[in-house]
Amino acid sequence: MSTLFISDLHLEETRPDITGAFLRFLDEKTPGTERLYILGDFFEAWIGDDERTPLQEQVASALKAVCDRGTEIFLMHGNRDFLIGEDYCQRAGATLLDDPTVIDLYGTPTLLMHGDSLCTADEEYQKFRANMRNPQMQKMMLARPLEDRQKMARQLRDMSMAKNQGKAEAIMDVTPEEVVREMEAHGVQRMIHGHTHRPAIHDLTANGQPAKRIVLGDWDENIWWLTAEPGKEPELHKQPL
Ligand SMILES: O=C(CCCCNC(=O)Nc1ccc(S(=O)(=O)N2CCN(c3cc(Cl)cc(C(F)(F)F)c3)CC2)cc1)NO
């Protein structure tokens with residue numbers, strides 16, 4: 001009995017090595033696994049389920065095969081792929097998860113988040129995020145022709161790249177107070193998130209008791225995954241790509 005967590009693969013056509021590593025991961029690590037959680041930024045970009053690129057289709061069918069073999073798959077939006085919709089999830093045999101979501105992980109209530117909402121010091125980003133997550137804005141975006149959306153995505157990606165270069169590293173990490181606030185709001189002693197690309201297991205205090213914040217790693221030089229099993233502390237694993 002085991003549950004796996006990954007995030008921040010940032011799958012895109014320019015990184016077929018990461019896509020290959022993910023397909024191998026599905027083959028080698030998921031047999032016998034009950035559940036696979038993908039906690040955001042699974043894809044580097046997403047402008048609608050109707051784009052249907054070869055990469056998106058290949059990944060959907062690989063996930064569907066894992067689902068058909070008996071592993072439940074859960075997908076959470078990240079700051080990149082927040083437009084992934086029900087249509088794609090159905091094709092991938094995945095269930096879309098709200099951010100945040102509390103699960104019972106072998107008896108321990110565990111708060112799952114992508115993690116970008118925890119970076120409250122980056123006020124400019126939080127404003128951008130609120131805009132992007134606005135349902136009217138999303139409806140407007142998805143109603144535009146695909147070519148328009150592809151153009152807007154290129155512009156937004158370039159703008160984002162430029163903005164983030166100038167940002168202090170520190171503000172692009174989670175705000176400790178926000179972590180505690182979320183864990184106390186949900187009454188949990190364990191949180192799992194991605195986004196910051198700073199994989200680690202942190203000890204902290206929440207609800208006046210010891211707590212743990214587990215940060216998943218991004219897939220770049222290494223692949224990262226978290227394994228949870230009954231009666232054991234979750235373990236963070238890394239392997240060269
Ligand atoms: O961690 C930090 C900082 C973290 C970095 C934050 N940056 C970041 O995520 N950038 C970013 C994310 C996604 C893409 S995209 O290419 O996938 N794509 C672009 C067009 N999207 C769109 C959607 C909607 Cl609803 C509305 C529009 C509209 F109308 F405004 F154009 C566009 C959909 C998504 C491009 C860049 N700080 O702490």
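Biologist: On relative accessible area, does glutamate 57 count as buried, partly exposed or exposed?

Modeller: In this predicted model, the relative accessible area of glutamate 57 comes to 28%. Since buried means under 20% and exposed means over 50%, the residue falls between the two limits and is partly exposed.

Biologist: Glutamate 57 and arginine 91 form a pair; how many residues apart are they?

Modeller: The two form a salt bridge in which the closest N and O atoms are 2.5 Å apart. This pair links distant parts of the chain, with glutamate 57 in helix H2 and arginine 91 in helix H3, and the separation is 34 residues.

Biologist: Is arginine 91 buried or exposed?

Modeller: Its relative accessible area is 18%, and the cut-off for the buried class is under 20%. Arginine 91 is therefore buried.

Biologist: How far apart in sequence are the parts tied together by aspartate 220 and arginine 15?

Modeller: The side chains of these two residues meet in a salt bridge with an N to O distance of 2.9 Å. Aspartate 220 belongs to the loop between strand E9 (209-215) and E10, while arginine 15 belongs to the loop between E1 and H1, so the parts that the pair ties together are separated in sequence by 205 residues.

Biologist: Where in the chain does arginine 157, the partner of glutamate 44, lie?

Modeller: A salt bridge of 3.7 Å, N to O, joins the side chains of glutamate 44 and arginine 157. The partners are 113 residues apart, glutamate 44 being in the loop between E2 and H2 and arginine 157 in helix H6 (residues 146-166).

Biologist: Which residues are linked with Glu44 and Arg157 in a network of salt bridges?

Modeller: Glu44 counts as buried at 13% relative accessibility, whereas Arg157, at 28%, is partly exposed. The network of salt bridges that links this pair also takes in Glu12 and Arg80.

Biologist: Which element gives the most residues to the largest nonpolar core?

Modeller: That core has 35 residues, and Phe22, Phe25, Phe42, Leu63 and Trp219 are those with the most contacts inside it. Elements giving two or more residues include helix H1 (16-29), helix H2 (54-68), helix H3 (86-92) and strand E10 (222-228). With 6 residues, the element that gives the most is H2.

Biologist: How many residues make up the second, separate core?

Modeller: Phenylalanine 42 touches, among others, Leu9, Leu11, Phe22, Val59, Leu63 and Leu75, if residues up to four places away in sequence are not counted. The second core, separate from the largest one, includes Phe5, Tyr37, Phe74 and Leu216, and its size is 14 residues.

Biologist: Which residue has a side-chain N or O atom 2.7 Å from an oxygen atom of the ligand?

Modeller: Of the 24 residues around the ligand, those that come nearest are Trp46, Asn79, Asp122, Ser160 and His195. For asparagine 79, a side-chain N or O atom is 2.9 Å from a ligand oxygen, and for arginine 80 a backbone N or O atom lies 3.2 Å from one. The side chain that places an N or O atom at 2.7 Å is that of histidine 195.

Biologist: What share of the ligand's area does the protein bury?

Modeller: Histidine 195 approaches a ligand oxygen through its side chain. Taken alone the ligand exposes 810 Å², and the share of this area that the protein buries is 94%.

Technical notes
Residues numbered from 1 in each chain as written. Predicted model: local features only at pLDDT ≥ 70, side-chain atom pairs only at ≥ 80, totals over all residues. Heavy atoms only, no water. Core = buried A, V, L, I, M, F, W, Y, C linked by side-chain atoms within 4.5 Å. Buried < 20%, exposed > 50% of the residue type's maximum accessible area, 1.4 Å probe, protein only. Helix = DSSP H or I, 4+ residues; strand = E, 2+ residues; numbered from the N terminus. Contact = heavy atoms within 4.5 Å. Salt bridge = Lys/Arg side-chain N within 4 Å of Asp/Glu carboxyl O. Near = heavy atom within 4 Å. Polar contact = N/O pair within 3.5 Å; in protein donor to acceptor, adjacent residues only side chain to side chain. Areas by Shrake-Rupley, 256 points an atom, 1.4 Å probe, with all protein chains shown as cover.
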